[in-house]
Amino acid sequence: MTERGGRSVRFLSCFLLSFVPLSSSTHDVTAGGSRKTVDSQVPVHQLIALRDVVFVIQSQRNSYHAQRAEQRRAHIFSQSQSLKQGSPDVVFLHELSEYDGNWGILPALPRLAEGYCPSSSWIFFLEEETVVDLARLLGVLSKFSSGREWFLGRALYDAEATIIHHYAFSDEPAGFGYPDFIAGWALSCPLVKRLADYVKHEPPKSDFTIDLKHEIALYIWEEGRGPALTDVGEFCSELHGSPNTSHCASTVNTYLPSCVVPVVKKTWAKDAALLEFYSDVTDPAIPTIDLGVPNTERGHCGKTFAVMRRFASGDVTRAPWLLLVDDDTLISLPRLRRLLHCYDPSEAVSVGERYGYGLSQGGYSYITGGGGMVFSREAVQRILSSGCACYSPDAPDDMVLGMCLNTLGLSVTHSPQFHQARPDDYPKEVLIRQSPISFHKHWNVDPVAVYQQWLMDTTEPFQRLLGREFRQEL
């Protein structure tokens with residue numbers, strides 16, 4: 001949230017849309033702690049069995065994502081029949097327990113260690129779009145002694161020190177590797193068991209979970225006392241069936257699932273939204289609408305709840321979705337539309353970049369405001385009808401909303417297309433495949449150039465978006 005003329009600025013956008021619901025390898029350890037595989041072609045003495053691997057799909061409770069996870073599990077079971085080894089254990093992370101914070105991985109480790117490691121050797125984590133070749137995966141894991149502590153994955157590296165990683169390894173940011181979750185990653189059970197015990201009395205140093213894959217790698221590495229990530233070349237992030245993936249044990253089904261039908265595309269032109277500017281004063285030159293909420297220098301909980309009440313009243317619009325962003329947030333509305341077609345607005349849905357607070361101590365998840373917070377009308381109504389409110393007008397609105405959703409037993413839904421920081425703060429290879437929806441902060445960047453490079457769709461000029469679909473709240 002930035003200041004303009006003494007007033008904080010936040011944007012609100014509403015959409016009227018039609019929806020169809022729907023290794024004993026040789027390794028070299030770098031100074032920063034990453035471990036690169038030098039020779040992955042080590043002879044396999046004994047191929048491990050499918051029952052030795054537990055598959056954990058990093059699933060989400062939302063009905064769309066749960067369905068995608070079911071499809072991934074069915075694909076694994078289908079392959080297991082061909083191998084004639086019986087069906088392996090496939091765990092949905094969101095069903096591991098009632099605790100919504102299991103997506104933070106560390107809270108889930110005790111249950112995984114107790115429930116599966118006594119009879120298995122490996123825990124293999126995958127996302128809902130990760131395609132696993134079971135035969136190749138068993139061959140890859142057989143190269144590593146399951147009696148040792150192993151942390152395997154496709155390594156990502158920071159090109160420069162970044163705020164989302166708290167400027168870790170500022171002297172050599174490219175020296176520390178962390179796993180690319182979409183390619184899959186694995187922990188040997190000796191490591192899972194030790195971490196499961198360790199996390200009970202030694203939680204992460206920070207209460208906040210921001211970039212999980214980097215924080216997991218840091219926690220496991222433990223400043224050199226634990227294993228660094230071993231970069232496994234057979235864990236791939238290329239699309240399934242792409243050239244040069246014949247060696248891959250994992251690939252990606254799709255980077256951006258399409259939930260849009262042609263009829264919907266043809267109806268977009270008539271789904272125009274209203275344009276309003278919200279403020280603590282009435283200014284006909286802009287024009288603005290006075291919400292009756294005094295301006296605050298930090299945290300804008302009072303103002304956000306006023307906007308939500310206005311939206312829920314139905315006096316302005318009956319749009320099914322509410323989008324809240326800061327004035328230094330850049331966002332692609334066409335891409336957001338495409339994403340929202342995956343979700344049923346009759347459900348209580350909240351979507352954005354998911355952060356966590358105190359997850360290892362029974363904390364809660366929330367959508368970080370800078371990257372944009374999207375709520376279905378049902379979610380807004382549930383929040384307001386619960387009596388949940390700001391503990392002060394200048395409380396952090398995104399965290400308060402997270403606490404409200406947690407109290408209501410409603411999960412937040414994570415989309416990696418939303419970003420709390422600038423493009424420079426993320427690995428470019430990840431951004432390229434994401435088709436980003438948002439970025440945040442204008443610090444040391446040209447925001448127009450960032451929008452044109454990363455967010456502008458040539459079929460939907462920015463000027464048209466400004467004239468048709470923005471709603472702004474000052």
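## The largest pocket

Let's start with α11, which contributes four residues to the lining of the largest pocket and so gives the most to it. This is a predicted model, and the pocket in question holds about 1100 Å³ of space. Its lining runs to 46 residues, with E127, H414, S415, P416 and Q417 lying nearest the centre.

Besides α11 (428-434), the elements that each supply at least two residues of this lining are α1 (63-83), α5 (212-221), α8 (333-340) and β23 (354-357). Sorted by class, the lining of the largest pocket has 22 nonpolar residues, along with twelve polar and twelve charged ones.

## The second largest pocket

Next comes the second largest pocket, with about 630 Å³ of space. It is lined by 28 residues, and P204, K205, E215, L218 and Y219 are the closest to its centre. Two elements give two or more residues to this lining: β14 (208-209) and α5.

Of these, α5 is worth a second look, as the largest share of the lining of the second largest pocket, six residues, comes from this helix. Recall that α5 also supplies at least two residues of the lining of the largest pocket. The class make-up of the second largest pocket's lining is 13 nonpolar, eight polar and seven charged residues.

## Aromatic pairs

The structure holds 16 aromatic pairs. One of them joins F55 and F124, edge-to-face, with 6.0 Å from centre to centre and 70° between the planes. F55 belongs to strand β6 (residues 53-57) and F124 to strand β8 (residues 122-126), so this pair ties together parts that lie 69 residues apart in sequence. Both partners have little to show on the outside: F55 is buried, with a relative accessible area of 0%, and F124 is buried with a relative accessible area of 0% as well.

A second pair brings together F208 and Y357, whose ring centres are 4.9 Å apart and whose planes meet at 65°; because that angle is over 60 degrees, the pair counts as edge-to-face. F208 sits in strand β14 and Y357 in strand β23, so the pair links parts that are 149 residues apart in sequence. Here F208 is partly exposed, at a relative accessible area of 32%, and Y357 is partly exposed too, at 29% relative accessibility. These two residues also belong to one aromatic cluster, together with Y355, Y364 and Y366.

## Charges over rings

Aromatic rings also meet arginine side chains in this model. R73 lies over the face of F92, at 3.9 Å from the ring centre. In another case, the charged end of R377 sits over the ring of F311, 4.1 Å from the centre of that ring.

## The nonpolar core

In soluble globular proteins, nonpolar side chains tend to be buried together. In this model, the largest nonpolar core has 40 residues, and those with the most contacts inside it are L109, I123, F151 and L187.

Several elements give two or more residues to this core: β6, α2 (109-115), β8, β11 (155-156), β13 (185-188), α4 (189-201) and α5. Among these, α4 provides the largest share of the core, seven residues. Strands β6 and β8 are familiar from the aromatic pairs, as F55 lies in β6 and F124 in β8. Helix α5 is familiar too, since this helix also gives residues to the lining of the second largest pocket.

Note on methods. Residues numbered from 1 in each chain as written. Predicted model: local features only at pLDDT ≥ 70, side-chain atom pairs only at ≥ 80, totals over all residues. Heavy atoms only, no water. 1 Å grid on protein atoms, 1.4 Å probe; cavity = no way out; pocket = protein on both sides within 12 Å on 5 of 7 lines; lining within 4 Å. Points joined across faces, edges and corners; volume = space filled by probe spheres on them. Nonpolar A, V, L, I, M, F, W, Y, C, P; charged D, E, K, R; others polar. Phe/Tyr/Trp six-rings, centres within 6.5 Å; stacked < 30°, edge-to-face > 60°. Buried < 20%, exposed > 50% of the residue type's maximum accessible area, 1.4 Å probe, protein only. Lys NZ or Arg CZ within 6 Å of the ring centre and 35° of its normal. Core = buried A, V, L, I, M, F, W, Y, C linked by side-chain atoms within 4.5 Å.
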